[in-house]
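Student: Could you go through this model with me? I have it open, and I would like to start with a helix.

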Amino acid sequence: MTTVSTSSVSTEVSDIDRSAHCSLSFLIASSLAWLVIGGVLSLINLIQLHTPAFLADCAWLTYGHTQALQETALIYGWAVNGGLAVGLWFLARLGGAPLRGGNYISIGAVFWNLGLTAALVGIACGEMTSFSLLQLPRFIQPLMLVAFGAMAAPGVLAWTGRRKEATYATQWYVVGALFLFPWFFSVAQVMLLFVPVRGVLQTVLASWYAQNVYSLLLAPLAVAVLYYLLPKIKGKVIPSYDFAIYGFWSLLLFGTWMAGRTLVGGPVPAWIPTMAIVASSLVLFHHIILFVNLREVFSPAGSLALKFAGFGFAAYLINGVVDAFFSSRVLAAVTQFTYFQTAQHQLVLAAFSLSIFAAIYYLAPRIVGAAWPSSSLARAHYMASIIGFTVLICALAIAGWRQGVALNNPELNFTAIAGITRPWLLVATAAQGLLVVGNLALGIHFVRLMLTKSTAESLAKFNQPSALEASS
Amino acid sequence: MKNGFLFFFGLFFVLALSWAGLVLGTQAQMGDLSPHYDDLEGKSFPERASGLASRGQLVYQDLGCAACHTQQVRRPEYGSDKERNWGSRQSVARDYVQQARPLLGSSRIGPDLANFGMRAKEDGVDAASLLVSLYNGSEGMPAYRFLFEERKIIGESSPKGLQGVAAPGYELVPTERAETLVAYLLSLKQTYEFSEARPFEPVHANEGAHE
């Protein structure tokens with residue numbers, strides 16, 4: 001196991017990047033498109049929370065529909081496309097060989113995104129499954145599984161065909177996510193939709209799936225970015241790297257058992273939430289190792305990519321602690337069934353999104369072969385993301401806590417509870433609006449990057465290390 | 001990590017472990033749960049939903065009602081479920097064995113509906129008045145106008161039309177979706193006293209000493 005060393009600027013763009021140009025650009029472009037679409041749907045969803053009459057006459061956009069639509073667009077559109085683009089590029093780079101099977105990535109990505117479009121139309125027509133984070137209509141799910149397999153296979157090829165025998169933490173995390181997602185996605189499809197299990201076992205299985213999306217898909221991809229970018233940009237060896245392997249297996253081993261934390265007090269065997277409480281404390285072992293390994297992310301030294309990564313890492317660590325505390329029965333009695341859980345979901349999404357933004361700022365110029373054209377657009381996106389996510393999560397958490405306290409007071413009816421949460425939901429809506437603006441800035445910036453011509457001037461600019469990641 | 005086979009085996013095994021523990025463990029514990037046959041009443045509980053109500057459950061699912069409403073009464077020490085009259089006892093796994101897809105929900109932006117049918121009966125809410133509140137919205141719930149058809153009265157008015165809501169000369173007729181949804185909502189109840197649903201009462205050490 002070796003730590004990657006910094007490469008000199010002259011070798012910044014290699015055959016490896018050229019092999020990935022087409023397929024990975026398409027993945028990034030579609031991920032950014034879904035990010036904006038999901039953000040707008042999320043905005044509509046938040047407006048409906050404090051103004052229920054908003055679009056109420058539109059049968060396609062009831063609150064239940066916009067909830068499922070935004071969640072599906074962000075997880076399966078933004079997270080999967082963006083995570084795969086970043087993960088596959090890391091695997092090719094660290095494997096030291098050009099990406100093989102790039103056509104499979106492109107074909108898989110086309111079908112994945114067509115399938116997702118059909119899925120969103122299906123949800124708007126009321127075809128969602130009503131399982132949280134698995135709302136994709138039944139008819140589209142097998143296609144999505146095959147499309148994901150086509151996109152992930154070149155990643156596994158890059159792992160098995162790597163030129164260096166030793167592997168690095170980033171590779172474990174990416175390969176883990178690529179291999180495990182089809183595993184639990186297919187199990188959930190069969191056992192929930194095609195040969196459904198009976199009664200509340202469906203609920204247990206659905207929560208197992210949703211937790212795996214967090215712990216085995218989003219979390220590993222975010223961590224992979226941090227392990228890659230920190231030594232690359234700083235040019236330093238990761239401290240106490242020998243522990244990284246324990247951090248990896250502890251996430252996989254304990255993370256997936258946290259499934260029952262949303263089922264506290266419900267009609268399921270009581271040991272399921274108990275296991276979740278134990279697991280969410282044990283998984284902190286993973287967070288401690290990450291902190292020991294990666295704490296230098298918090299001193300970005302002018303690198304925009306590392307600034308994003310730093311905030312992403314902070315969100316990741318905070319999420320671990322919040323999960324451990326708020327899975328306890330005493331606190332869950334207040335936060336269960338409230339906006340607090342929405343805030344926790346947003347925290348996971350923030351940790352993931354900010355890390356992937358960092359990776360996109362770092363790798364997009366290398367894939368395209370040109371420098372980011374505008375540092376002001378990058379700065380605008382950075383400010384909007386940081387302020388947007390912080391305010392959104394805090395406002396939802398406060399709204400959720402107050403909602404939970406009010407729900408536990410039988411004197412207060414639902415009109416009164418809506419009045420209590422309304423100011424905070426308005427703040428959250430504004431924050432989500434800001435996030436959409438920021439993500440739009442990134443989308444426009446990426447389009448401009450793609451249109452940049454390789455003139456002598458842009459090449460000269462590109463050869464300055466700072467230009468490669470839009471330093472501010 | 002040089003051994004590729006061991007790595008992939010480890011990945012597979014880690015997830016298989018949690019799947020076996022959570023899913024097969026629950027299946028082993030309650031997979032053979034069946035409705036309880038009551039000799040005195042001469043029928044099984046929970047009762048199978050009527051055809052109309054089963055179709056209504058699909059409407060409930062399609063509209064995404066579960067995004068705001070739960071259908072589970074928590075154990076006595078959790079929250080104000082009992083004080084809010086959402087149920088006289090906690091929900092248990094047996095309450096859901098007859099449902100093709102239990103919609104337990106995970107968010108309480110509106111009230112819990114596990115015993116909505118029972119509450120409606122107590123409060124004297126019938127299908128007609130429930131349809132009116134579905135049309136007008138209530139207590140923060142948006143109005144679901146697209147579940148109704150507004151049409152001009154030609155000749156005799158429809159007997160299904162909502163009373164006292166439509167403009168003069170017009171009538172508001174609930175669609176089939178609205179009717180089945182209301183039938184479903186009014187069918188929701190978890191009132192049968194299963195033995196496992198009784199609250200746990202600790203046995204004191206001095207009790208039983210005289211027996």
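Student: What should the 27 residues of α1(B) span, at 1.5 Å a residue?
Tutor: This is a predicted model, so every value here is computed from its atoms. At 1.5 Å a residue, α1(B) should span 39 Å, and because its end C-alpha atoms lie 38 Å apart, the expectation and the model agree.

Student: And where does α1(B) bend?
Tutor: The bend is at B:Ala20, and it comes to about 30°.

Student: Which residues of α1(B) are buried?
Tutor: They are B:Leu11, B:Val14, B:Leu15, B:Ser18, B:Leu22, B:Thr26 and B:Met30. It helps to recall that an α-helix has 3.6 residues a turn, so residues three or four places apart point the same way.

Student: What do those buried residues of α1(B) pack against?
Tutor: They pack against four helices of chain A, namely α5 (169-194), α6 (201-234), α7 (244-255) and α8 (271-282).

Student: OK, so how many residues does each chain put into the contact?
Tutor: Chain B brings 54 residues to the contact, and chain A brings 58 residues. On the side of chain B that touches chain A, the elements that give two or more residues are α1 (4-30) and α2 (51-63) of chain B, and α1(B) gives the most, with twelve residues.

Student: What classes of residue are on that side of chain B?
Tutor: Sorted by class, the side of chain B that touches chain A has 27 nonpolar residues, 16 polar ones and eleven charged ones.

Student: Changing topic, what is the secondary structure of chain B as a whole?
Tutor: Chain B has five helices and four strands, and if you read along the sequence they follow the pattern α-β-β-α-α-α-β-β-α.

Student: What is the radius of gyration of chain B, next to that of a compact globule?
Tutor: For chain B it is 23 Å, whereas a compact globule of 211 residues would have a value near 17 Å. Taken along the principal axes, the C-alpha atoms of chain B fill a box of roughly 75 × 70 × 35 Å, and buried residues make up 36% of the chain.

Student: Which peptide bond is cis?
Tutor: The one from B:Phe45 to B:Pro46 is cis, with omega near -5°, and B:Pro46 sits in the loop between β2 (43-45) and α2 of chain B.

Student: Over to chain A then, what about phi of A:Leu55?
Tutor: A:Leu55 has a positive phi of about 60°, although it is not a glycine. You will find A:Leu55 in the loop between α1 (15-50) and α2 (63-95) of chain A.

Student: What is phi of A:Leu133?
Tutor: Phi of A:Leu133 is near 65°, again a positive value in a residue other than glycine, and A:Leu133 belongs to the loop between α3 (102-124) and α4 (141-160) of chain A.

Student: Is A:Leu133 buried or exposed?
Tutor: A:Leu133 is buried, because 21 other C-beta atoms lie within 10 Å and the cut-off for buried is 20 or more. A:Leu55 has 18 of them within 10 Å, so it counts as partly exposed.

Student: Last topic: which residues touch the most other members of the largest nonpolar core?
Tutor: In that core of 179 residues, they are A:Leu221, A:Val225, A:Leu226, A:Leu229 and A:Ala358, while α6(A) is the element that gives the most to the core, with 24 residues. Leaving aside neighbours within four places in sequence, the contacts of A:Ala358 include A:Val225, A:Leu229 and A:Phe308.

Terms used
Residues numbered from 1 in each chain as written. Chains lettered and ligands numbered in written order. Predicted model: local features only at pLDDT ≥ 70, side-chain atom pairs only at ≥ 80, totals over all residues. Contact = placed C-beta atoms within 7 Å. Nonpolar A, V, L, I, M, F, W, Y, C, P; charged D, E, K, R; others polar. Rg over C-alpha atoms; globule rule 2.2 N^0.38 Å. Buried ≥ 20, exposed ≤ 12 C-beta atoms within 10 Å, placed from the backbone. Expected span 1.5 Å × (residues − 1). Bend = angle between axes of the 7 residues up to and from the residue. Core = buried A, V, L, I, M, F, W, Y, C linked by C-beta atoms within 7 Å.
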